[in-house]
Amino acid sequence: MDALDQSLVTLLRHDCRRPVSELAALLKVSRATVRARLDRLERDGEIIGYTVVLRADSQPAAVRAITLIAVEGRRTGDVIDALKGFAEITSVHTTVGAWDIVVEVSAGSLPELDELLRRVRLVPGVTTSETHLLLATPRSARARL
């Protein structure tokens, strides 16, 4: 991706519903150029979809944390399936090393986080967990509203 593509993607991350004519004006190029760039980025798999951001997603959670989870034997798939059902879990990652799964969590308060962690520890297959509170996020690649 060149600088124009990156600028186009940045604009789309902030509002993917902007009309092509508005994108062209902001980028100081023709509508045909923007349309061609979008078509190529989609065709090449650089842009794989567009989404909606809910108001709740734009508000930072009062408490955010990373939880490291160890899983018993070959139960990782079962544990991941169970974790997908927790609304407070924003991301689930598999990993290597001492921990099998890393999850990003958000809660409205410390007591809510405590309750979530209690429920996570009750998931069949979870043997142990360790949680680290996130205090600040100086840099994030997520779109800002």
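This is a short walk through one protein chain, covering confidence, domains, a helix pair and a hairpin.

The model is predicted. Mean pLDDT over the protein chain is 90, and 91% of the residues score at least 70. Which elements mark the two ends of the range? Strand 4, residues 126–134, has the highest mean pLDDT, 97, and helix 4, residues 55–58, the lowest, 60. Where pLDDT is low, the predicted coordinates should not be read in detail, and I will leave helix 4 at that.

Next, the domains. There are two in the protein chain: domain 1 covers 3–44 and domain 2 covers 63–133. Their C-alpha centres are 38 Å apart.

Now to helix 1, residues 3–14, and helix 3, residues 31–43. Their axes come within 11 Å and cross at roughly 85°. Angles of 65 to 115 degrees count as roughly perpendicular, so that is the description for helix 1 and helix 3. Which residues make the contact? From helix 1 they are Leu 4, Asp 5, Leu 8, Val 9 and Leu 12. Helix 3 contributes Thr 33, Val 34, Arg 37, Leu 38, Arg 40 and Leu 41. By class, the contact has seven nonpolar residues, three charged and one polar.

Last, the strands. Strand 2, residues 89–94, and strand 3, residues 101–107, run antiparallel and are joined by five bridges. One of the paired positions is Thr 94, whose bridge partner in strand 3 is Ile 101. The two strands form a hairpin, with six residues between them. In the turn, Gly 97 has a positive phi of about 110°.

Methods
Residues are numbered from 1 along each chain as its sequence is written. This is a predicted model: local features need pLDDT of at least 70, side-chain atom pairs count only at pLDDT 80 or more; totals for chains, interfaces and linings use all residues. Side-chain values use heavy atoms; hydrogens and water are left out. Axes are lines fitted to C-alpha atoms, for helices over the stretch in contact, and angles run from 0 to 180 degrees between N-to-C directions. Helices (H or I, at least four residues) and strands (E, at least two) are DSSP runs, numbered from the N terminus. Angles under 35 degrees count as roughly parallel, over 145 as roughly antiparallel, 65 to 115 as roughly perpendicular and the rest as oblique. Contact means heavy atoms within 4.5 Å. Ala, Val, Leu, Ile, Met, Phe, Trp, Tyr, Cys and Pro count as nonpolar, Asp, Glu, Lys and Arg as charged, and the others, Gly among them, as polar. Two strands pair if DSSP finds at least two bridges between them. Domain bounds come from an automatic or database domain assignment. pLDDT is the predictor's confidence in each residue, from 0 to 100.
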